[in-house]
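Take a walk through this model, one site at a time. Start with the ligand shell, then turn to two single residues.

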Amino acid sequence: MPTEPVPRPPLRLALVGWGAIGRRVVQLLAERDAGIVLAGIAARTRPAELPSGVPWLQHPDDLGAATPDLVVEAAGRDAVEPWGHAALRLARGFAVSSTSAFCDDGVLDRLVATAERHGSQILIPPGALAGVDALAAAAALPLDEVRHQIVKPPAAWRGTPAAGLVDLDRLTEATVFFAGSAREAAGRFPANANVAAIAALAGIGLDRTRVELVADPKAVGNGHRLRATGAFGTLDIAIENRPLATNPKSSEMAALSLVRLVENHVRPLCR
Ligand SMILES: NC(=O)C1=CN([C@@H]2O[C@H](COP(=O)(O)OP(=O)(O)OC[C@H]3O[C@@H](n4cnc5c(N)ncnc54)[C@H](O)[C@@H]3O)[C@@H](O)[C@H]2O)C=CC1
Ligand SMILES: O=C([O-])CC(=O)C(=O)O
């Protein structure tokens with residue numbers, strides 16, 4: 001006998017950060033009519049234009065009244081711990097974009113403890129990176145080496161310590177200005193290299209993952225190349241991301257990856 005489909009309630013989504021990524025995620029979700037209710041948006045000061053009827057969240061405790069199912073962070077590394085504890089207490093999941101926060105092992109350990117206490121989950125979307133799913137799966141067997149190269153136009157490195165390492169205005173060719181561990185890369189370049197922490201957490205950790213940061217005057221997008229070898233075989237994946245119009249340091253893919261994560265919470269086919 002045919003049965004009535006079980007109604008799927010809309011997902012209540014709270015967003016921490018109303019910048020380039022946050023706005024783009026909300027715009028894409030609205031365009032796609034994804035079955036999402038915006039339960040609240042956190043920003044440091046009351047934004048002039050929030051989507052109508054969406055509450056401004058001033059403090060992590062405001063999540064209590066917002067009753068979110070999922071909280072997505074796209075703010076900055078200082079936002080991760082305070083909003084994370086509240087989110088993991090009050091919602092099923094907390095998705096992190098500013099993964100450079102995890103360069104401090106204590107932050108991750110404390111958030112994992114909160115998630116364990118409340119039966120919730122910390123979610124790390126692939127963000128601007130490609131191949132993380134395969135790398136994380138490969139890590140079930142021993143990995144020998146993981147290397148991650150990030151190539152961005154000089155303008156994307158302005159306002160970061162890169163400006164003290166190379167003359168960003170006078171580069172004529174691609175220049176490696178940093179080579180080191182993922183912990184150091186994401187720790188020193190938190191606006192540009194969160195993805196190094198994502199690769200590290202998927203694979204062999206923050207200290208063994210090797211990262212190169214490159215400023216390339218010929219680059220038009222934000223490039224990521226991930227290479228790994230291990231018992232699974234070899235992986236070599238490159239992606240060239242279009243930068244977000246409102247923040248050239250961040251890629252469109254970072255927003256798209258969050259849209260996928262959110263939609264996978266509501267659709268019958270998780271992909
Ligand atoms: N995981 C990934 O693949 C990627 C991660 N990111 C990271 O995602 C974050 C957001 O990126 P964008 O939107 O491009 O940056 P953005 O600078 O355009 O926007 C961030 C917004 O969050 C706000 N904010 C910062 N701290 C806050 C706090 N404690 N509470 C409330 N609001 C706060 C800022 O005032 C700003 O309006 C950044 O940390 C960025 O480095 C960026 C690109 C890729
Ligand atoms: O968007 C990107 O290409 C990567 C990025 O900024 C980050 O990981 O912080």
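The paragraphs below cover the surroundings of a ligand, an annotated position and a strand residue.

This is a predicted model. Begin at ligand 2. Its surrounding residues include Ala-128, Asn-192, Ala-193, Asn-194 and Val-195. Further along the chain, Asn-222, Asn-241, Lys-249, Ser-250, Ser-251 and Ala-254 also belong to this group. Two elements, α8 (194-202) and β13 (247-251), each give two or more residues to the shell. Strand β13 gives the most, with three. By class, the shell has six polar residues, four nonpolar and one charged.

Now move to His-224. An unreviewed UniProt entry lists His-224 under "active site". His-224 sits in strand β10, which spans residues 222-230. Is His-224 buried or exposed? It has 27 C-beta neighbours inside 10 Å, and the threshold for burial is 20 or more, so His-224 counts as buried. Beyond its neighbours within four places in sequence, His-224 contacts Ala-128, Leu-129, Ala-130, His-148, Ile-150, Val-195 and Ile-239. Two of these contacts, Ala-128 and Val-195, are also among the residues around ligand 2.

Finish at Val-16. This residue lies in strand β1 (residues 11-16). Val-16 is buried because 30 other C-beta atoms lie within 10 Å. Leaving out residues up to four places away in sequence, Val-16 touches Ala-42, Val-71, Val-72, Glu-73, Ala-75, Ala-79 and Trp-83. Arg-147 is 131 residues from Val-16 along the chain, and their C-alpha atoms are separated by 30 Å.

Conventions. Residues are numbered from 1 along each chain as its sequence is written. Chains are lettered from A and ligands numbered from 1 in the order in which they are written. This is a predicted model: local features need pLDDT of at least 70, side-chain atom pairs count only at pLDDT 80 or more; totals for chains, interfaces and linings use all residues. A residue is near a molecule or strand if its C-beta atom, placed from the backbone, lies within 6 Å of it. Helices (H or I, at least four residues) and strands (E, at least two) are DSSP runs, numbered from the N terminus. Ala, Val, Leu, Ile, Met, Phe, Trp, Tyr, Cys and Pro count as nonpolar, Asp, Glu, Lys and Arg as charged, and the others, Gly among them, as polar. UniProt positions are given in the numbering used here, feature names are shortened, and annotations may be inferred rather than shown by experiment. A residue is buried if 20 or more other C-beta atoms lie within 10 Å of its own, exposed if 12 or fewer, and partly exposed in between; C-beta atoms are placed from the backbone. Two residues are in contact if their C-beta atoms, placed from the backbone, lie within 7 Å.
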